[in-house]
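Work through the exercises below with the model open. Try each task before reading its solution.

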Amino acid sequence: MLTMHPLETHELRDAAQLCPRDPNALLGHLRWCMCTPYAEAFSMRLGPKVLGVATLVHFGTTSRVGCFHIHQAHQRKGLGTLLALHLRNVQDQEDRSTLMVQAAPQEAAFWERLEFTEQCTFTTYANGHFIEASRDEVALMEPAHTLALLHLDKHATGEDRRALLLEHQYAAHAYVEQGRVRGALLPLVGQGLIIADAPAVGLELQRWLPPTQHRITVPADNAAANEHLRERGYDPIGSSVRLVHGSAPAFKAEMVFAWPWGR
């Protein structure tokens, strides 16, 4: 009998194998979700066998699908639809207005059939070379910068993501000009997050990311970010689509110079 359950510890290894491309990365994500108060992990089982796994990460009234995998031998049998509907039911039960997923372009039609709507696209780059960062305005983020970080992120994304940001604030950098925080870099959130109020600020913070991350994902609609990466010799290696079920947050692509999740 097919059942849905919160993911259990003894299922972790089997669940990680559902992503043969990078099982270790999935294993780390699943462990994080299982011990993080604002995240959930679910397994789809047929008897003792794990056929699917998915996670949700919650930000106030919005949630994002962190991962979504179905066993390769059982794909195209309706199991993905059942798992996705389970996530929607969880969203409804927890009274959150928005559910988002970032998927490969070829997967977009699947989510659209479940009443998700495309909001924006992202491009992932790698293999480039940045000149050394040198601006004095960029320094390690201090406690006094925290409220400005939360305000800047909410203005850029339309979401209240304070729990995620505060957890990953360690090793963050802020671009501070005359006492005002104009941008922030959080290298430990996924593949790195950069929010900035102007292109000059965001492009400078991009130079601080390569020492900790080998890939960088930016919104396709941020022309300045994409042009800068190509100028530095970066190659586009993947793309992804963000789809939304419910009320779409007011995402401002021009303020995002690195996005934590890409393909």
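**Exercise 1.** Which residues does Leu 30 touch, not counting residues up to four places away in sequence?

*Solution.* First, the ground rules. The model is predicted, so local features need pLDDT of at least 70 and side-chain atom pairs count only at pLDDT 80 or more, while totals for chains, interfaces and linings use all residues. Residues are numbered from 1 along each chain as its sequence is written, and side-chain values use heavy atoms, with hydrogens and water left out.

Step 1: locate Leu 30 in helix H2. Helices are DSSP runs of H or I with at least four residues, strands are runs of E with at least two, and numbering starts at the N terminus.
Step 2: list the contacts (heavy atoms within 4.5 Å). Leu 30 touches Leu 7, Leu 12, Ala 15, Ala 16, Val 53, Thr 55 and Cys 67.
Step 3: check exposure. Leu 30 has a relative accessible area of 0% and is buried. Buried means under 20% relative accessible area, with a 1.4 Å probe and protein chains only.

**Exercise 2.** Find the strand order of the open sheet of five strands, then place helix H7 against it.

*Solution.* Step 1: read the order as E7-E8-E9-E10-E13, paired antiparallel. Two strands pair if DSSP finds at least two bridges between them.
Step 2: find the edges. Strand E7 (138-140) and strand E13 (256-258) each have a single partner strand, so one side of each lacks a neighbour in the sheet.
Step 3: inspect one pair. Three bridges join E7 to strand E8 (residues 173-177). Ala 139 stands opposite Ala 174 in E8.
Step 4: add the helix. H7 lies across E7, E8, E9, E10 and E13, at about 155 degrees to E10. Axes are lines fitted to C-alpha atoms, for helices over the stretch in contact, and angles run from 0 to 180 degrees between N-to-C directions.
Step 5: assess burial. Six of the eight residues of H7 (residues 199-206) are buried, so this helix is largely enclosed by the rest of the structure. Among the buried residues are Val 201 and Leu 203.

**Exercise 3.** Which strand gives the most to the lining of the largest pocket?

*Solution.* Step 1: take the volume, about 1800 Å³. Step 2: of the 50 lining residues, the closest to the centre are Arg 21, Cys 67, Phe 68, His 69 and Arg 263.
Step 3: E4 gives the most, with seven residues.Step 4: apply the cut-offs. On a 1 Å grid over the protein atoms alone, a pocket is an open set of points where a 1.4 Å probe fits, with protein on both sides within 12 Å along at least five of seven lines; lining residues have an atom within 4 Å of a point. Grid points are joined across faces, edges and corners, and the volume is the space filled by probe spheres set on the points.

Note on methods. Buried < 20%, exposed > 50% of the residue type's maximum accessible area, 1.4 Å probe, protein only.
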